[in-house]
Structure formats: structure tokens, C-alpha cells
Amino acid sequence: MKRIGVLTSGGDAPGMNACLRALVLTAHANELEVVGFQYGFNGVIEQQYHHLLPYHVNGIIQNGGTILKSARCEAMHSATGLQRAAQNLHDLQIDALLVIGGDGSFRGCVELSAFYNGRLLGIPGTIDNDVDGSDFTIGFATALDTALDAIDKIRDTADAFERIFLVEVMGRHTGYLAVAAGIAAGAEQIICPELASELDLDRIALHVEQARKHRGNCSYIIVLAETMYPGGVSALAADLEQRGIECRAAILGHIQRGGRPVGADRILATKLGAYAVEQLLQGAHLMMAGEMNGQAGLYPLARTGEKKKQVDSYLLRWQQQVAQY
Ligand SMILES: Nc1ncnc2c1ncn2[C@@H]1O[C@H](COP(=O)(O)OP(=O)(O)O)[C@@H](O)[C@H]1O
Ligand SMILES: O=P(O)(O)OC[C@H]1O[C@](O)(COP(=O)(O)O)[C@@H](O)[C@@H]1O
């Protein structure tokens, strides 16, 4: 093995740069060349790349975003696109491709393996933490802190006006971030797909009334995952208002994807970047480098999207029991 490729794909996540740094430094120490493809799989298909040397990655461990840029790539969903990607990798004599992304990007790797002769390895990077085979994905810890910072500020103004707030956090297919942020912010309600597929507005309204019966007028925060209500939180606020519950809506949105990675993300990213290169040299193929119970390990790429990762049901149940008091 002489030359490896790397790309960041799907939603960017704080810590992707830290991962790139560890990966390039480990490759350099093992006399491997690294080619960085830009804009996710688009860079492979459109041949947008440059060689990555240690000096390119020095001083980036603390930066959010990704120096390689990220994107989604429609062409990967067709055989023509996959063939073109594989051909370009063969032409560039890339012996292995490392993909930092989520389970969608890993499905792309599995599809690519039908055409590409080199090795494929994934590293989990997404704020959603919805990848099986790793307790945490790179970016989740930072996104949680960012969401908490925002919700704590919302609590201040909610307290001052004794208002009800709906706060929408990201999470395309999962409420992992919503549950974690809701618990850590002391939210009165958490609404996520793991708890209910449809919202019961009467139940939400009743819960608010019960809380006010116990506590008198008070601030009241509902944290919900982004996909939970057609039309989003603004529509939900309007519909609750019709039931006599006046509330304000706040969408945290893409700020959750940015910012300096927190220590936990830098450490996870460094560990997985280094481990992925080492495992590649040991012959790993079609695997994801993840961390479970503090130990780095490999997990089949094809199984990373099984979506079995559970939100913390113990904390959710406790939150539901006590939230109105
Ligand atoms: N089934 C698939 N076949 C081929 N490529 C895919 C597939 N699913 C996703 N991809 C590629 O991975 C990219 C990122 O996937 P996406 O689901 O948006 O993000 P993430 O990797 O963060 O889950 C897609 O834009 C596409 O290029
Ligand atoms: O940046 P976009 O294209 O609007 O995507 C938003 C989505 O990306 C995410 O931030 C990350 O999702 P992925 O990691 O699966 O790409 C989701 O939480 C959110 O739903």
C-alpha cells in the first residue's frame, strides 16, 4: 500500500479536521501518501483533489468544519457515477479510500466496492450520532454543547417572561441529540421519533397545564427533534396557540454543526483517524473504525445504518415522571 485517499461526506461535524490531522500524520509516519478529495464523493467523480502533507493539517485540530469541504453527491446513486468514481481511483492509483461521514456515506462505500478494487474504510462523523458500531460519532459532543448553550440562554428569557418555548434541534432520523440536549438542559418535555411517531397536541397542552398547576406560572421548555411536526416548530406553536397554549418557537439549525470541537470530539477524532490508518495497513476492508466502551474497534460498513442505536430510555422515563414538578 502506497497511496490512500480521504474525503469528508454528508453533514460536516466538528472534529472532522482533527480526524484528518491524525489520519495524515499517521499515514506520513507509515510512509503512505494521502490524496484529499474535495466536496465529498464529488471530488472523486470530478477529480478535485490535492495531496495532503503534514503541514496542511498542522494547526487545524481546533477548527470546526472540514478543510476538504463536504457535500452530498447525487451521482453516487447511479451505476455510471459509481463506475466513474472507481475508474478515477484506479487511475490515481489510490490503494484505499477513507471516508469520514455518516451511514449514508458508508452505504456509498458499500455500493462503490462493486466497482473499486481498493480497500474502503469509514470513520463516523456526524452530529446526529446515528451510526451503529460506535458509541459516539465525531461531532456529537460538540453539537450537544452548542445546543445546550443556546437552550440555557432561551431558559433565561423564558424565565423572565414565564414563557413556553419550543426548541427544535437537528437529527434527521433520530432523536439522539434531542434527548441528550433535553435531559441536560432540564427541559420539561422531549419529543423525538423514538418516543412517538405522531404528536398528540392535547397531551402536550395537558402537560403544560399540569406543570403550571404544580409550579404556578413558570418557564417551560419543549425540546423536539427536527422531523417531528409537519411544517416544523412554527406550525406547532401556531397549533398549540389554538389550544390556548401561547408559545415561542426557536430553531437551532446549522449553528449546531459549527464551532470549535470540544475536547471529547478532538480525542475521539484523533483516536479514530490514527486507528483507521493502522487498521488499513493490517488489511481492514469494508469496515468502520469506531469506539465502543472506550475501545477502538472495527464494525462492518454494511451494518452501520441498521439504526439500532437506542436513546437513553432510563433517563427519558425519569424525565417523563418528574418533568411537571
Ligand atoms: N445508497 C447509496 N448509494 C450510493 N451513495 C450513497 C448512498 N447513500 C448515500 N450515499 C452517498 O453519501 C452521501 C452522504 O449521505 P448522507 O445520507 O446525506 O449523509 P451521511 O453520510 O452523513 O449519513 C450522499 O450524498 C451520497 O453521495
Ligand atoms: O445541511 P443540510 O443539507 O440542510 O442537512 C441537514 C441535516 O444534516 C444533519 O445536520 C447531519 O446529517 P447527516 O450527518 O446524516 O448528513 C442533520 O442533523 C440535518 O437534518
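**Exercise 1. Domain arrangement**

Determine how far apart the centres of domain 1 and domain 2 lie in this predicted model, and describe the contact between the two domains.

*Solution.*
Step 1. Taken over C-alpha atoms, the centres of domain 1 and domain 2 are separated by 34 Å.
Step 2. The bounds follow from the division of the protein chain: domain 1 comprises 3-139 + 261-303, and domain 2 comprises 140-257.
Step 3. To the contact, domain 1 contributes 16 residues and domain 2 contributes 14 residues.
Step 4. Sorted by class, the side of domain 1 that touches domain 2 holds 7 nonpolar, 5 polar and 4 charged residues.

**Exercise 2. Overall dimensions of the chain**

State how many helices and strands the protein chain has, and decide how its radius of gyration stands against the globule rule.

*Solution.*
Step 1. The protein chain contains 11 helices and 11 strands.
Step 2. Its radius of gyration is 22 Å, whereas the globule rule gives 20 Å for 325 residues; the two values are close, so the chain is as compact as a globular protein of that length.
Step 3. The C-alpha trace spans about 70 × 35 × 30 Å along its principal axes.
Step 4. Of the 325 residues, 48% count as buried.
Step 5. Taking contacts between residues at least 6 apart in sequence, 77% join residues at least 24 apart.

**Exercise 3. The largest nonpolar core**

Identify the residues with the most contacts inside the largest nonpolar core, and establish where this core lies with respect to the domains.

*Solution.*
Step 1. The largest nonpolar core has 98 residues, and those with the most contacts inside it are Cys19, Leu98, Val167, Leu177, Ile221 and Val223.
Step 2. Both domain 1 (3-139 + 261-303) and domain 2 (140-257) give residues to this core, so the core lies between them.
Step 3. The general background is that nonpolar side chains tend to be buried together in soluble globular proteins.
Step 4. For valine 167, leaving aside residues up to four places away in sequence, the residues touched are Ile151, Ile154, Ile221, Ile222, Val223, Ala250 and Leu252.

**Exercise 4. The two ligand shells**

Characterise the surroundings of ligand 1 by closest residues, secondary structure and residue class. Then explain why ligand 2 is placed between the two domains.

*Solution.*
Step 1. Ligand 1 is surrounded by 17 residues, of which the closest are Gly10, Arg72, Gly102, Gly104 and Gly108.
Step 2. Helix H5 (residues 103-112) supplies the largest share of this shell, namely 6 residues.
Step 3. By class, the shell around ligand 1 divides into 3 nonpolar, 10 polar and 4 charged residues.
Step 4. Around ligand 2 stand Gly10, Gly11, Gly102, Gly104, Thr126, Ile127, Asp128, Met170, Gly171, Arg172, Glu226 and Arg257.
Step 5. This second shell comprises 2 nonpolar, 6 polar and 4 charged residues.
Step 6. Since domain 1 (3-139 + 261-303) and domain 2 (140-257) both give residues to the shell around ligand 2, the ligand lies between them.

**Exercise 5. Positive phi outside glycine**

Locate tyrosine 39 and leucine 286, and give the backbone angle phi of each.

*Solution.*
Step 1. Tyrosine 39 sits in the loop between strand S2 (33-37) and helix H2 (41-45).
Step 2. Although tyrosine 39 is not a glycine, its phi is positive, at about 60°.
Step 3. It counts as partly exposed because it has 19 C-beta neighbours inside 10 Å, while the buried class requires 20 or more.
Step 4. Leucine 286 belongs to the loop between helix H10 (263-281) and strand S10 (287-292).
Step 5. Leucine 286 likewise is not a glycine and has a positive phi, of about 55°.
Step 6. With 17 C-beta neighbours inside 10 Å, leucine 286 counts as partly exposed.

**Exercise 6. Exposure and separation of helix residues**

Are valine 322 and phenylalanine 161 buried or exposed? Give also a C-alpha separation for each.

*Solution.*
Step 1. Valine 322 lies in helix H11 (residues 313-322), and phenylalanine 161 in helix H6 (residues 140-161).
Step 2. An exposed residue has 12 or fewer C-beta neighbours within 10 Å.
Step 3. Valine 322 has 9 such neighbours and therefore counts as exposed; phenylalanine 161, with 11, counts as exposed.
Step 4. Valine 322 and alanine 211 are 111 residues apart in sequence, and their C-alpha atoms are 9.9 Å apart.
Step 5. Phenylalanine 161 and serine 219 are 58 residues apart along the chain, with 7.4 Å between their C-alpha atoms.

Key
Residues numbered from 1 in each chain as written. Chains lettered and ligands numbered in written order. Predicted model: local features only at pLDDT ≥ 70, side-chain atom pairs only at ≥ 80, totals over all residues. Helix = DSSP H or I, 4+ residues; strand = E, 2+ residues; numbered from the N terminus. Near = placed C-beta within 6 Å. Nonpolar A, V, L, I, M, F, W, Y, C, P; charged D, E, K, R; others polar. Domains from an automatic or database assignment. Rg over C-alpha atoms; globule rule 2.2 N^0.38 Å. Contact = placed C-beta atoms within 7 Å. Core = buried A, V, L, I, M, F, W, Y, C linked by C-beta atoms within 7 Å.
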